[in-house]
Amino acid sequence: MKQSTCYLLLLGFIVLVVSGCGDFLSQSDPTSFTDQNYYTQPAHAEAAVNAIYEDLRAVRGGGFGGAPWLMTEFQTGLANTELGQATNSLDIRALDNSADNGYGQTYWNSHYRGIANANEALANIPDIPQMDGVNQNRLLGEARFLRAYYYYNLVRLFGDVPLILEPVGLNSELLEPERTSAAEVYDAIVEDLMWVEQNSGLTFNDESGRVTMGAVKTLLSSVYLTMAGYPLEGGEQYYQLARDKASEVMDSGEYHLFDNYADLHSYDTENSGEHIFMVQFNREIIDHNGLQYVTLPYNQDISLFSAETGGIFAQEEFVDSYEQGDKRTEEKQFYYREFSKVSDRETPINLGGWYLYKFFDQEANTATAVSGLNWPLFRYAEVLLIYAEAENEVSGPTLSAHEAVNKIRRRAEVPELSGLSQADFREAVWKEKWHELSYENKTWFDMVRLRRAYNVETGEFENYVGHTFVYGPTLSERELLFPIPATERRNNENLTQNPGY
């Protein structure tokens, strides 16, 4: 059976039917729902929107086959792996990617499935009888946010992509859609997010894990920052918009940097403090999120998990590129290279590489073997860095721009920035973002919008095209996008391929 864009969009209703209603993360018996009796009561609206959230989890996880979220990390040249059977990871890391790579297919399928469910919800929720208007607008706002988020990933990964904003039926012309220009896709993203700002009535912040106004404004600030750079090159107008949206998040007083890096991966701090929006997991409902498997060192017997895959760890030269004394590089802050074996918890061993401690679930690895840690999508540190970069482009290295980035540097216990020129401050903020948001699926997107890559050996930024990774491969113009999945093109002759694939 086809797994193309049109198939996923067509079957959006079926996906949401099996998604369940009631609990945010739970699954329920779908047998009482059909296309004739669905969208007839408020509970159906809640279930429909819950279904849209589910595909946030689809690209997460990891095992001996790797994980789709690794796709953007290995195209930075800053990530290493011990997982020899994960050919999708190895091909991308070697810049030998192809349209048959399963990671890209998973991104495409899951995101268009989420979009299909959003389109169904947006088309049908307004017609549900006796539904409270406040709750209706909240759910419509969540649906629009999630649709915007999925399209934001798709347009950055693949460039021009089909833009479909309504349910697709059997007789629809959109069953085999053509690609839509990136500019039009970005316009649709902004339109969705502006509608949410103006009409949804979402609270600015809460700990439910659902979309909040803080998440909306954060995503919008990121979108504007990207629109200022490549490929749209919107320039100062969009830098100003990015700055203003980031400022609204900062001025709200709803978020703050954690004092300790341990709070970045603590159950006690999820959906609060520094965490603006996260992918939700729960050990009692969803067995585990797979993040531990793929980030643990390969078969070193330090964890109670049976799978220690070594799927990703930090390139040593990148860790060495942090400033001397940077707290983030201290043992068990952002990274770790020592841990004890299950058989001897008293004696730490050298693991031989820098592994990702910012995602480490201490309780799961040493006591329960079940991880329900949420995955961070947006945190307050990114808002501060968006503000600093955008403010510098609009007004130069002002005191407020300096303070935004210095909050992050103070936590890292490195000297504050001061007295820099606009050009020097620009690169200082880029470097801070590379180091602070490392391995959080941010760096490659920044590389593409800036057309810059960080040379970890010289500490300088250089052109993206022609940048050589420390282990050999050289980026070409081809790597500014990922390939349209081969299956999609076989199922839809209207889809063209990106250059070089």
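Reader: Which residues form one aromatic cluster in this model?

Author: In this predicted model, one aromatic cluster is formed by Y261, F318, Y322, F334, Y335 and Y439. The structure holds 32 aromatic pairs.

Reader: What makes W69 and F359 an aromatic pair, and why is the pair called edge-to-face?

Author: Two rings pair if their centres lie within 6.5 Å, and planes over 60 degrees apart count as edge-to-face. The ring centres of W69 and F359 are 6.4 Å apart, and the angle between their planes is 80°. Both conditions are met, so the pair is edge-to-face.

Reader: Where in the chain do W69 and F359 lie?

Author: W69 belongs to the loop between α3 (42-54) and α4 (70-74), while F359 belongs to the loop between β5 (344-356) and α13 (362-368). With the two positions 290 residues apart, the pair links distant parts of the chain. Both W69 and F359 are buried.

Reader: Why is the pair of Y224 and Y238 called tilted?

Author: The ring centres of Y224 and Y238 are 6.1 Å apart, and their planes stand at 40°. Planes under 30 degrees apart would count as stacked and planes over 60 as edge-to-face, with the rest counted as tilted. An angle of 40° falls in neither of the two outer classes, so the pair is tilted.

Reader: Which helices does the pair of Y224 and Y238 tie together?

Author: Y224 is part of helix α9 (residues 213-228) and Y238 is part of helix α10 (residues 236-252), so the pair ties together parts that are 14 residues apart in sequence. Both tyrosines, Y224 and Y238, are buried.

Reader: How do you know that the length of α9 agrees with its number of residues?

Author: The expected span is 1.5 Å times one less than the number of residues. For the 16 residues of α9 this gives 22 Å, and the C-alpha atoms at the ends of α9 are 23 Å apart, so the two values agree.

Reader: What makes α9 mostly covered?

Author: Of the 16 residues of α9, 16 are buried. A residue counts as buried under 20% relative accessible area.

Reader: What is found in the loop between α9 and α10?

Author: P231 has its place in that loop. The peptide bond that leads from Y230 to P231 is cis, with omega near 5°.

Reader: Why is α3 called roughly antiparallel to α6?

Author: α3 and helix α6 (residues 102-124) pack with their axes 8 Å apart, at an angle of about 160°. Angles over 145 degrees count as roughly antiparallel, so α3 is roughly antiparallel to α6. The crossing of these two helices, α3 and α6, is left-handed.

Reader: Why is α10 called oblique to α14?

Author: α10 and helix α14 (residues 380-395) also have their axes 8 Å apart, and they pack at an angle of about 140°. Over 145 degrees would be roughly antiparallel and 65 to 115 roughly perpendicular. The angle of about 140° lies in neither range, so α10 is oblique to α14. α10 passes α14 in a left-handed crossing.

Reader: Is Q130 buried or exposed, and how do you know?

Author: Q130 has a relative accessible area of 81%. The cut-off for exposed is over 50%, so Q130 is exposed. Q130 is located in the loop between α6 and α7 (133-158). Its phi is positive, at about 55°, although Q130 is not a glycine.

Reader: What makes Y439 buried?

Author: The relative accessible area of Y439 is 3%. This value is under 20%, so Y439 is buried. Y439, one of the residues in the aromatic cluster, is found in the loop between α16 (422-436) and α17 (443-450). Y439 has a positive phi of about 60° although it is not a glycine.

Reader: Why is E462 called partly exposed?

Author: E462 has a relative accessible area of 26%. Partly exposed lies between the cut-offs of 20% and 50%, so E462 is partly exposed. E462 is placed in strand β8 (residues 460-463). The C-alpha atoms of E462 and R452 are 5.5 Å apart in space, and the two residues are 10 residues apart in sequence.

Reader: How do you know that D244 is partly exposed?

Author: D244, in helix α10, has a relative accessible area of 29%. That figure lies between 20% and 50%, so D244 is partly exposed.

Reader: Which ring does the charged end of R156 sit over?

Author: The charged end of R156 sits over the ring of F445, at 3.8 Å from its centre. R93 lies over the face of Y471, 3.7 Å from the ring centre.

Definitions and conventions. Residues numbered from 1 in each chain as written. Predicted model: local features only at pLDDT ≥ 70, side-chain atom pairs only at ≥ 80, totals over all residues. Heavy atoms only, no water. Phe/Tyr/Trp six-rings, centres within 6.5 Å; stacked < 30°, edge-to-face > 60°. Helix = DSSP H or I, 4+ residues; strand = E, 2+ residues; numbered from the N terminus. Buried < 20%, exposed > 50% of the residue type's maximum accessible area, 1.4 Å probe, protein only. Lys NZ or Arg CZ within 6 Å of the ring centre and 35° of its normal. Axes fitted to C-alpha atoms, helices over the stretch in contact; angles between N-to-C directions. Parallel < 35°, antiparallel > 145°, perpendicular 65-115°, else oblique. Left-handed = near helix turned anticlockwise from the far one by under 90°.
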